[in-house]
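Hi,

Here is the structure I promised to pass on. Have a look at it first, and my notes follow underneath.

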Amino acid sequence: MTIKDLLIIGDGFSAAVALVHLLRQGIDSQSISILGKRTLGRGNAYDCVSPAFRLNVREDLPIIFSEDPLHFASWAKEHINDPQAKTSAGYFYRRSDFGAYMSGLVHHQLSGRNINQIQGEAQRITGSDGQWRVELKTGERIDAKAIILATGNATPTWPCTLRVEETLNHLTLTENPWLGDYLHRIPAKDSVLLLGGGLTALDAINGFVEQGHQGKVFVISPRAIFPPSQAPWIRTKEPEWPNPMNPARLVRFMRHYLPNTPSDQSEWQCAWEELRPDLNRIWQGFNPHQRRILIKRFGWLWNLYRFRASPQTIAAYHQLRDLQQIEFRCGRANQIAVRDGAIHVTLCQGEVVRGQHLINCTGVARDPLLDQMTHTIANPDALKRSIAIDSQLAILDQNGRAYQSLWMIGPATMGSLGDVIAASAIAKQAEQLAKSIRLNWMVNYHV
């Protein structure tokens with residue numbers, strides 16, 4: 001069996017941007033292999049088929065190259081014909097167009113060279129530095145000297161028990177909604193249940209409005225609120241943070257710093273964005289217990305404001321609201337059942353919501369590969385949702401020591417490093433790691 005020099009696990013944005021920065025550092029494409037099933041660069045987020053699914057950030061914010069922060073904005077202006085992208089808060093392009101941009105970056109960086117992409121999905125990683133083994137779901141095995149985990153966000157799964165007691169017939173259940181391929185299957189007058197009240201639900205709502213949906217839409221969510229719409233904002237000053245810092249002081253300071261105005265207004269969002277650049281540094285200064293307390297008490301609020309919505313999706317929601325086509329049902333799903341010609345969602349407090357179509361908008365699921373690693377070769381992070389890494393993106397073993405040839409980038413690093421969700425934050429990680437691999441690992445392992 002041929003041993004791979006450097007294996008990137010993943011095929012979405014995180015994997016693509018890792019490859020792009022490795023190639024920019026002069027690392028030979030023949031020494032890199034990719035493990036993934038889809039077109040590199042699109043993944044779950046950008047392989048969507050619905051034109052209604054849009055980026056929730058304006059065009060100048062997805063920064064792939066630190067020396068050219070407006071690279072995507074310039075590319076979009078030249079290559080995208082999308083009159084609906086323009087809003088008072090900036091241009092919010094289709095997610096599929098950003099996927100095309102990332103695929104184009106990969107092809108440009110390869111410049112005609114081949115990259116070895118292995119079709120498959122990893123389910124287990126074992127071994128030690130320089131001698132890693134990846135087991136695929138098919139039973140195949142891949143050996144590698146070094147691995148970059150770039151799996152991105154795990155595909156959504158049902159959050160509770162699902163019982164299908166009869167043939168679905170005209171009913172539909174959509175467990176993974178991120179591609180948007182379910183929209184065309186829903187007749188205009190049918191009732192729809194959206195399980196979750198975040199950006200994925202707003203994507204669905206925007207899709208329904210664009211195709212002229214006339215039926216009722218029920219949003220099942222713990223709170224009857226959507227993320228605020230993006231407004232024009234700019235950072236004009238830097239906060240003077242208290243020192244020393246602890247979670248209580250952090251929350252008090254942020255509350256005092258934010259103006260007493262609606263969160264969809266420019267004044268509020270300018271202040272919020274002035275706070276954000278320092279939050280990862282502050283997060284990393286907290287111990288695991290402090291991090292867990294913060295997420296438990298304020299995680300829902302943080303997600304509400306950091307994942308602000310594109311103006312187009314909020315406008316679609318307002319349209320359905322004004323037509324009285326949309327209603328919130330507050331609570332969490334306890335059971336889903338298909339019976340008596342309908343889909344029944346039973347909430348924890350006992351209420352039952354019925355509809356003809358159910359779309360799972362609850363967001364990211366747990367990653368079974370990372371769960372496996374915490375039981376065998378890796379240390380769990382502070383939030384117990386992923387694996388722990390150090391500031392150099394190296395995965396920590398079960399004794400807390402950093403591996404020299406096993407790294408991770410992307411959203412799964414949040415528990416260790418903080419807010420690493422945006423494309424620009426992940427690209428910054430990829431650039432940092434690519435430089436480190438060129439300077440350190442390749443020399444030590446004679447690649």
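Lys384 is partly exposed, since its relative accessible area of 49% falls short of the over-50% cut-off for exposed. In this predicted model, Lys384 sits in the loop between α10 (368-374) and β18 (394-396). What caught my eye there is the backbone: phi of Lys384 is near 60°, a positive value in a residue other than glycine.

Asp340 is another one to look at. Its phi is near 55°, again positive in a residue that isn't glycine. You'll find Asp340 in the loop between β14 (333-339) and β15 (342-347). With a relative accessible area of 66%, Asp340 counts as exposed, because the cut-off is over 50%.

Why bother flagging these at all? Because most residues other than glycine have a negative phi, and most peptide bonds are trans.

On the peptide bond side, have a look at Asn243 and Pro244: the bond joining them is cis, with omega at about 5°. Pro244 belongs to the loop between β12 (217-221) and α6 (247-257).

Last item, the inside. The count comes to one cavity of 30 Å³ or more, and the largest cavity has a volume of about 40 Å³. Which residues line the largest cavity? They are Val57, Arg58, Leu61, Ala89, Phe92, Gln230, Ala231 and Trp233. By class, that lining has six nonpolar residues, one polar and one charged. The charged one is Arg58 and the polar one is Gln230.

Cheers

Conventions: Residues numbered from 1 in each chain as written. Predicted model: local features only at pLDDT ≥ 70, side-chain atom pairs only at ≥ 80, totals over all residues. Heavy atoms only, no water. 1 Å grid on protein atoms, 1.4 Å probe; cavity = no way out; pocket = protein on both sides within 12 Å on 5 of 7 lines; lining within 4 Å. Points joined across faces, edges and corners; volume = space filled by probe spheres on them. Helix = DSSP H or I, 4+ residues; strand = E, 2+ residues; numbered from the N terminus. Buried < 20%, exposed > 50% of the residue type's maximum accessible area, 1.4 Å probe, protein only.
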